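Open the model in your viewer and keep the selection tool at hand. The stops below say what to select next and what is there.

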Amino acid sequence: LLEHSVQLDAAIFYTTYKDRLVLYQQLASGGGIIDLTTNIGASTNYGAEFDISAPLPEGFKVSAGLGLLRATWGTVQNFLNPVNQQPLSISGLTVPFSPAYTANATIEWRHNFSGYEFGSRANVSFIGRSYWDPQDSAYQEAYHLVNMSAWLEHGFWKVTASVTNLTQTEYNTVYWPAADVGAPYNIARINRPREFIVSGTVRF
């Protein structure tokens, strides 16, 4: 079934931070929202990553990847709960923007028709739950994305058609609770909707 060779990569990692930076947003005195960074404290990241790819008969190729992550705060001194400004222990809680897992799978097909190469690709990715703030008061649920593309290429030109977020998945790209921002409302940015794109390339 498999042609040529299968490529498999794997890695494990363990990283410690002494005074980890965190990005956050806050209401400015003039009324606008500004991006800020602050040092929170010690944290640890550890996990593993795996990737595999294999060519198949008839011009097909498959690949897949998986990443597992555990990112937690260590001993953090003087952290104040933004809700009531009281000291709060966040030791052992999940570091923001650290999804528990990521995974992807891709199938690709290429074929040459008398000098014209036709190809297509389908990809699905999975992103696990992640938290938005150091005290884990707000989080993004796990979600998935599907993208597809096809192309026709001959000589010096190429035409490509693609669709991103095929299933119209909705998720936040960033989210800040009102207490973190110091505003009377939460702040969120949402993902891009499904998009269809057709493009052409000419090489000189």
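## The loop between strands 9 and 10

Select Q168, which is partly exposed at a relative accessible area of 38% (buried means under 20% relative accessible area, exposed over 50%, and partly exposed in between, with a 1.4 Å probe and protein chains only). This is a predicted model, in which local features need pLDDT of at least 70 and side-chain atom pairs count only at pLDDT 80 or more, while totals for chains, interfaces and linings use all residues. Residues are numbered from 1 along each chain as its sequence is written, and side-chain values use heavy atoms, with hydrogens and water left out.

Q168 is in the loop between strand 9 and strand 10 (helices, H or I of at least four residues, and strands, E of at least two, are DSSP runs numbered from the N terminus). Its phi is positive, about 55 degrees, although Q168 is not a glycine.

Now select N165, in the loop between strand 9 and strand 10. N165 has a phi near 50 degrees, a positive value in a residue other than glycine. Is N165 buried or exposed? With a relative accessible area of 6%, N165 is buried.

Next, pick T169, in the loop between strand 9 (157-164) and strand 10 (172-176). T169 has a relative accessible area of 11%, so it is buried. Show side chains here: that of T169 makes a polar contact with the side chain of T167 at 3.1 Å. (A polar contact is a pair of N or O atoms within 3.5 Å; within protein, one must be able to donate a hydrogen and the other to accept it, and residues adjacent in sequence count only if both atoms are side-chain atoms.)

Which residues does T169 touch, not counting those up to four places away in sequence? They are Y143, H144, L145 and N191 (contact means heavy atoms within 4.5 Å). Add R192 to the selection: R192 and T169 are 23 residues apart along the chain, and their C-alpha atoms are separated by 9.1 Å.

## Strand 9 and its partners

Select strand 8 (residues 143-154) together with strand 9; the two pair in the antiparallel sense over 7 bridges. (Two strands pair if DSSP finds at least two bridges between them.) To check the register, pick M148, whose bridge partner in strand 9 is V163. Strand 8 and strand 9 form a hairpin with 2 residues between them, and G155 in the turn has a positive phi of about 60 degrees.

Then add strand 12 (residues 195-202), which pairs with strand 9 in the antiparallel sense over 8 bridges. Here T160 stands opposite S199 of strand 12.

## Strands 2, 3 and 4

Move to strand 2 (residues 33-55) and strand 3 (residues 60-73), which run antiparallel and are joined by 13 bridges. Y46 has R70 in strand 3 as its bridge partner. The two strands form a hairpin with 4 residues between them; select E58 in the turn to find a positive phi of about 65 degrees.

Strand 3 also pairs with strand 4 (residues 101-113), in the antiparallel sense and over 9 bridges. A64 stands opposite A105 in strand 4.

## A48 and I12

Select A48 in strand 2. A48 counts as buried because its relative accessibility is 11%. Leaving out residues up to four places away in sequence, A48 touches A11, I12, F13, L66, G67 and L68. Y101 is 53 residues from A48 in sequence, with a C-alpha to C-alpha separation of 9.7 Å.

From A48, step to I12 in strand 1. I12 counts as exposed, with 75% relative accessibility. With residues up to four places away in sequence left out, I12 touches G47 and A48. For a sense of scale, draw a distance from I12 to G155: their C-alpha atoms are separated by 43 Å, and they are 143 residues apart along the chain.

## The largest pocket

Finish at the largest pocket, which holds about 390 Å³ of space. (On a 1 Å grid over the protein atoms alone, a pocket is an open set of points where a 1.4 Å probe fits, with protein on both sides within 12 Å along at least five of seven lines; lining residues have an atom within 4 Å of a point. Grid points are joined across faces, edges and corners, and a volume is the space filled by probe spheres set on the points.)

Select Y24, T38, I40, F79 and L80, which lie nearest the centre of the largest pocket among its 19 lining residues. Strand 1 (7-27), strand 2 and helix 1 (178-181) are the elements that give two or more residues to this lining.
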